[in-house]
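Please load the model in your viewer and keep the selection panel at hand, since this tour moves from one selection to the next. Each stop names what to pick and then says what is found there.

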Amino acid sequence: TGIAVTDELQIIASGLTTVPTAELLPFLKKYFSEEKVELVLLGEPKQMDNTASQSEGKIQEFLKVFTKNFPEMKLERVDERFTSKMAFQSMIDNGLKKKQRQNKALVDEISATIILQSYLYK
């Protein structure tokens, strides 16, 4: 799971890290205890016809656990279509070698950054 954060003025999105999904909840508990977080954005994977993708079921399970653990935290879903392709293209544009572009964790982190940056510019 790619994680991105923004500055206090909410102008610039930056990639923070990638966390294995199984370790996401403990990571968030620690992060929320150390940092001020106003809102969590969670990607919403959709098909081209706007229907939910296959991974949405697992995301819904995570949402139940998330809201149970963080009932006061605001959470919004964001359409994440094309963000992996945009991340991959930005890697090419920035001269990353093929082996680096095959790093799924890096693609996920860049995708999270793209999602957050597009939300900030809304």
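Which residue in E2 is the bridge partner of Thr6? Select Thr6 and follow its pairing into E2, where the partner turns out to be Ala13. Bear in mind throughout that this is a predicted model.

**The hairpin**

Widen the selection to strand E1, residues 2–6, together with strand E2, residues 13–18, and you will have two strands that run antiparallel and are joined by 5 bridges. These two strands form a hairpin with 6 residues between them, and in that turn Gln10 has a positive phi of about 55 degrees. Next pick Gly15, whose place is in E2 and which counts as partly exposed because its relative accessibility is 35%. If you draw a distance from the C-alpha atom of Gly15 to that of Ile3, the viewer should give 6.2 Å, although the two residues are 12 apart along the chain.

**Helix H1**

Move on to helix H1, residues 24–34, and colour Leu24, Leu25, Leu28, Tyr31 and Phe32, which are buried. Looking down the axis of H1, you will see that these buried residues fall within an arc of 125 degrees, so they line one face of the helix. An α-helix has 3.6 residues a turn, so residues three or four places apart point the same way. Now turn the view to the face of H1 that points away from its buried side, where Lys30 and Ser33 are exposed.

**The β-α-β unit**

Select strand E3 (39–44), helix H2 (56–69) and strand E4 (74–79), and the three will appear as a right-handed β-α-β unit. Here E3 and E4 run parallel and are joined by 6 bridges; to see one of the pairings, pick Leu39, whose bridge partner in E4 is Lys74.

Two loops around these elements deserve a stop for their backbone angles. In the loop between E3 and H2 you will find Asn50, which has a positive phi of about 75 degrees although it is not a glycine; with a relative accessibility of 45%, Asn50 counts as partly exposed. In the loop between E4 and H3 the residue to pick is Phe82, which likewise is not a glycine and yet has a positive phi of about 75 degrees. Phe82 has a relative accessible area of 45%, which makes it partly exposed.

**Helix H3**

From Phe82, step along to helix H3, residues 83–93, and highlight its buried residues, which are Thr83, Ala87 and Met91. They cover an arc of only 85 degrees around the axis, and therefore lie on the same side of H3. Rotate the helix to its other side and you will come upon Lys85 and Asp93, both of which are exposed.

**The largest pocket**

Finally, turn on the pocket surface, or select the lining by hand. Which residues lie nearest the centre of the largest pocket? They are Gly2, Ile3, Leu41, Leu42 and Ala112, out of a lining of 48 residues, and the pocket itself has a volume of about 1,600 Å³. The elements that give two or more residues to this lining are E1, H1, E3, H2, E4, H3 and H5, so that several of your earlier selections can be brought back into view here. Helix H5, residues 104–120, gives the most, with 8 residues. If you colour the lining by class, you will have 25 nonpolar, 10 polar and 13 charged residues.

For a last selection, stay in H5 and pick Ala112. Is this residue buried or exposed? Ala112 counts as buried, because its relative accessibility of 13% is under the 20% cut-off. To close, draw a C-alpha to C-alpha distance from Ala112 to Arg101: these two residues are 11 apart in sequence and 16 Å apart in space.

Key: Residues are numbered from 1 along each chain as its sequence is written. This is a predicted model: local features need pLDDT of at least 70, side-chain atom pairs count only at pLDDT 80 or more; totals for chains, interfaces and linings use all residues. Side-chain values use heavy atoms; hydrogens and water are left out. On a 1 Å grid over the protein atoms alone, a cavity is a set of points where a 1.4 Å probe fits but cannot get out, and a pocket is an open set with protein on both sides within 12 Å along at least five of seven lines; lining residues have an atom within 4 Å of a point. Grid points are joined across faces, edges and corners, and a volume is the space filled by probe spheres set on the points. Helices (H or I, at least four residues) and strands (E, at least two) are DSSP runs, numbered from the N terminus. Ala, Val, Leu, Ile, Met, Phe, Trp, Tyr, Cys and Pro count as nonpolar, Asp, Glu, Lys and Arg as charged, and the others, Gly among them, as polar. Two strands pair if DSSP finds at least two bridges between them. Buried means under 20% relative accessible area, exposed over 50%, partly exposed in between (1.4 Å probe, protein chains only). A crossover is right-handed if, with the strands pointing away from the viewer, the path from the first strand over the helix to the second runs clockwise. The arc is that of the directions from the helix axis to the C-beta atoms.
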